[in-house]
Amino acid sequence: MVGDVLLYADTERSAALRHEIPLAIGDPFLFAEVGGRAAVLTSVLERDRLAATRPDAEIIGVEDVGFHELLRSGRPRHEIMAEMVSRAVSRLGVREATVPDDFPVAMADRLRSDGVVLVVDPIAVEARRRVKSPSELEGILLAQRAAEAGMAAAERLLASADVRDGELMADGAPLTAEQVRDALRAACAQAGAPAPPDVIVASVRQGFGHEPGSGPLPAGLPIQVDLWPREERTGCWADMTRTFVVGDVGEAVLGQEQLVRAALEEVRARVRPGVTGRELHGLVCDRFEAAGYRTQRTGPGEDPVEGFQFSLGHGVGLEVHEAPGLGMLGTEPFVAGDVLAVEPGLWDRTIGGVRYEDLLLVTADGCETLTRYPYDLRPRPGATPDAGPGA
């Protein structure tokens, strides 16, 4: 990695910039780290907030790089912004810098035309935020508590359903995925971390993967509830999944559940600095393949989604899916301060699947489970979000 770093984005869409500047700023601006010292190019609208948040950073006002002169020139806005960034980079003495892979092409073209060497290195930029700051970790925990409140709301609604002719019924009508989703999203929002509209409430009827699910929910088949709320102040996410069956639980589902729970506990026991996601994914593949399931490692059989045809998980923080990876491409060793979403699961074309997902904080000698929620297949009428492995 080249020593100096340049970011040009807004903090609402750029996790890299939100880590450096933990403020919600909707307009793009320049952040630079030159010789280990931070600098920010900003307008008067953000100057005071930025100075208070990063008192160590040099604040360069747009007026310092000729904003008023450029404003009178009649040039279009994008040219004025590029000119001001060019002047700020020159003022800071940057001749070579690392940038992320989403650095704007037009801005990169301008800086390269100035003779600045830009090295695109997304892994190096991601590494800057792998270790969560205290504020980020607080935000993740708040989002996780909201996720648990949402999961409890979903569980209570499922537990209250009646079974009639293989269907779940509520107040005399079919209980739908949309009703459960609305209940869990309302609970997440009330807990301070809204969940997006595409969180998953689905069975084999609703489909595989990231299909959110719609329509009536079945009795006697697994219903996966996967939700990922975002704590608004810090912009940090959580992610968790539980699986429920209302009515009789068949032997095939129980077999899946035992395998998935065992896989989750084996992974939990193995997480520590220096381990890679690829290694842990391989352990889970070993277990599932020994039980007769196909995995992402063996490749699919007749059904392209049957078995364990997905990653073991991912990092969580300022993005709901971020480094490090926990699949076959997960070659970056874990570091203390990583937050991991670990989600082993199995899928069968006839009954659906069981999947559990917990958040783990990598510590100096292992991991801490941040998720506090049990794994009961049968939903509990009085489900509360304050019990489970991390309680």
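1. Start with a pairing. V5 has E33 as its bridge partner in β2. This is a predicted model. The contact belongs to a wider pairing: five bridges join strand β1 (residues 5–9) to β2. The strands β1 and β2 run antiparallel.

2. On the β3 side, β2 is again paired. Five bridges join β2 to strand β3 (residues 37–42). Here too the strands run antiparallel. One pair to check on screen is F31 with V40, its bridge partner in β3.

3. Look at the turn next. β2 and β3 form a hairpin with two residues between the strands. G35 takes a positive phi there, near 60°.

4. How many of the six residues of strand β2 are buried? Six of the six, so the strand (residues 29–34) is largely enclosed by the rest of the structure. Both faces are covered. F29, F31 and E33 are buried on one side. L30, A32 and V34 are buried on the other. Note that E33, the partner of V5, is on this buried list.

5. Now R49. Its place is in helix α2 (residues 44–53). Is R49 buried, partly exposed or exposed? R49 is partly exposed, because its relative accessible area is 36%, and partly exposed covers values between the buried limit of 20% and the exposed limit of 50%.

6. What does R49 touch? Leaving out residues up to four places away in sequence, R49 touches L23, A24 and I25. A24 also offers its backbone oxygen, which lies 3.1 Å from a polar atom of the R49 side chain. A second polar contact joins the side chain of R49 to the side chain of E46, at 2.8 Å.

7. A distance for orientation: the C-alpha atoms of R49 and A9 are separated by 17 Å. Along the chain, R49 and A9 are 40 residues apart. A9 is within the residue range of β1.

8. Turn to the helix pair α9 (residues 251–270) and α10 (residues 277–290). The axes of α9 and α10 come within 10 Å and cross at roughly 150°. That angle makes α9 roughly antiparallel to α10, because it is over 145 degrees. The crossing of α9 and α10 is right-handed.

9. Which residues of α9 and α10 meet? From α9 come L259, V260, A262, A263, E266, V267 and R270. From α10 come L280, L283, V284, R287 and F288. The meeting residues include charged side chains such as E266, R270 and R287 alongside others such as L283 and F288.

How values were computed. Residues numbered from 1 in each chain as written. Predicted model: local features only at pLDDT ≥ 70, side-chain atom pairs only at ≥ 80, totals over all residues. Heavy atoms only, no water. Buried < 20%, exposed > 50% of the residue type's maximum accessible area, 1.4 Å probe, protein only. Helix = DSSP H or I, 4+ residues; strand = E, 2+ residues; numbered from the N terminus. Pairing = 2+ DSSP bridges. Contact = heavy atoms within 4.5 Å. Polar contact = N/O pair within 3.5 Å; in protein donor to acceptor, adjacent residues only side chain to side chain. Axes fitted to C-alpha atoms, helices over the stretch in contact; angles between N-to-C directions. Parallel < 35°, antiparallel > 145°, perpendicular 65-115°, else oblique. Left-handed = near helix turned anticlockwise from the far one by under 90°.
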